[in-house]
Amino acid sequence: MLEEDAKSLFIDWLEKHKASVVQVARAYTLGSEESQDLAQEILLQAWHSLPRFRGQASPATWFYRVALHTAMNWRRNDQRRRTCQQPLLEVQAIPSETIDSAEHAEQRETLEQLYEAIHQLPKSDVALVLLYLDELSYREMASVLGISESNVGVRLNRVKKTLSQLLNVEVAEGQHNES
């Protein structure tokens, strides 16, 4: 693949799949600076992996696979990787122009609660939740995670129950603290 073709393809895929990069980075980190660092690492790994893309999976599946594997391995190599680079993608930059500020604040709070609950899950379950939230099919999830479709269904049901319990506890604690 010629460098210009690769660059054009990468920019196109980045535009289409940046939300998944942001989701993965946010789910595997605690702060926005950390999320920004991980998002940059995901993009760097995707760029380096692009020549090995063979079209056996869809670009969305491939991008997710790179993002999830990078996120899962990120912690152990974190310090060595930190550099002063210009960000390719702003993690916080996915606003919705049509939502009024009160509704936006409520949605942001709900999203924060969801991410807090997701952070309490095992890392393999975090990946599954992200794929589910991005509305991938069981087949696509199985392909990204390297497991069977039936295993996706079983694990997803368990994760949904766990998240539901975690969110109910957080909501109950939040209501208790407001009283």
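**Exercise 1. Place T29 in this predicted model: is the residue buried or exposed, and what surrounds it?**

Solution. T29 has a relative accessible area of 1%. Buried means under 20%, so T29 is buried. The model is a predicted one.

Next, locate the residue along the chain. T29 sits in the loop between α1 and α2 (32-49).

Then look at its polar partners. A polar atom of the T29 side chain lies 2.6 Å from the backbone oxygen of A25. The side chain of T29 also makes a polar contact of 2.6 Å with the side chain of S35.

Finally, list the contacts, leaving aside neighbours within four places in sequence: E34, S35, L38, W74 and H119.

**Exercise 2. Find how many salt bridges the structure holds, and describe the one between D12 and K16.**

Solution. The structure holds 5 salt bridges. In one of them, the side chains of D12 and K16 meet at 3.2 Å, N to O.

Both residues belong to helix α1 (residues 3-27). They are 4 residues apart, about one turn of the helix.

Now classify each partner. D12 has 33% relative accessibility and counts as partly exposed. K16, at 57% relative accessibility, counts as exposed.

**Exercise 3. Determine which helices are joined by the salt bridge of E112 and R26.**

Solution. The side chains of E112 and R26 meet in a salt bridge of 2.2 Å, N to O. E112 lies in helix α5 (residues 101-119) and R26 in helix α1, so the pair ties together parts that are 86 residues apart in sequence.

For accessibility, E112 stands at 30% and counts as partly exposed. R26 has a relative accessible area of 18% and is buried.

**Exercise 4. Analyse the salt bridge between R155 and D125 in the same steps.**

Solution. The closest N and O atoms of R155 and D125 are 3.6 Å apart. The salt bridge cut-off is within 4 Å, and R155 forms a salt bridge with D125.

This pair links distant parts of the chain, with R155 in helix α8 (residues 149-178) and D125 in helix α6 (residues 123-133), 30 residues apart.

R155 has 17% relative accessibility and counts as buried. D125, at 16%, counts as buried too.

**Exercise 5. Describe the largest nonpolar core: how many residues has it, and which helices supply them?**

Solution. The largest nonpolar core has 44 residues. Those with the most contacts inside the core are V24, Y28 and L68. At least two residues of this core come from each of α1, α2, α3 (59-74), α5, α6, α7 (138-145) and α8.

Take V24 as an example. Leaving aside neighbours within four places in sequence, V24 is in contact with L38, I42, Y64, A67, L68, A71 and L130.

As general background, nonpolar side chains in soluble globular proteins tend to be buried together.

**Exercise 6. Classify the ring pair of W62 and F63.**

Solution. The structure holds 6 aromatic pairs. The ring centres of W62 and F63 are 5.7 Å apart, and the planes stand at 85 degrees, so the pair is edge-to-face. The cut-off for that class is over 60 degrees.

W62 counts as buried at 10% relative accessibility, and F63 counts as buried at 0%.

To finish, place the pair in its wider setting. Ring pairs link W62 and F63 into a cluster with F10, W13, W47 and F53.

Terms used. Residues numbered from 1 in each chain as written. Predicted model: local features only at pLDDT ≥ 70, side-chain atom pairs only at ≥ 80, totals over all residues. Heavy atoms only, no water. Buried < 20%, exposed > 50% of the residue type's maximum accessible area, 1.4 Å probe, protein only. Polar contact = N/O pair within 3.5 Å; in protein donor to acceptor, adjacent residues only side chain to side chain. Contact = heavy atoms within 4.5 Å. Core = buried A, V, L, I, M, F, W, Y, C linked by side-chain atoms within 4.5 Å. Phe/Tyr/Trp six-rings, centres within 6.5 Å; stacked < 30°, edge-to-face > 60°.
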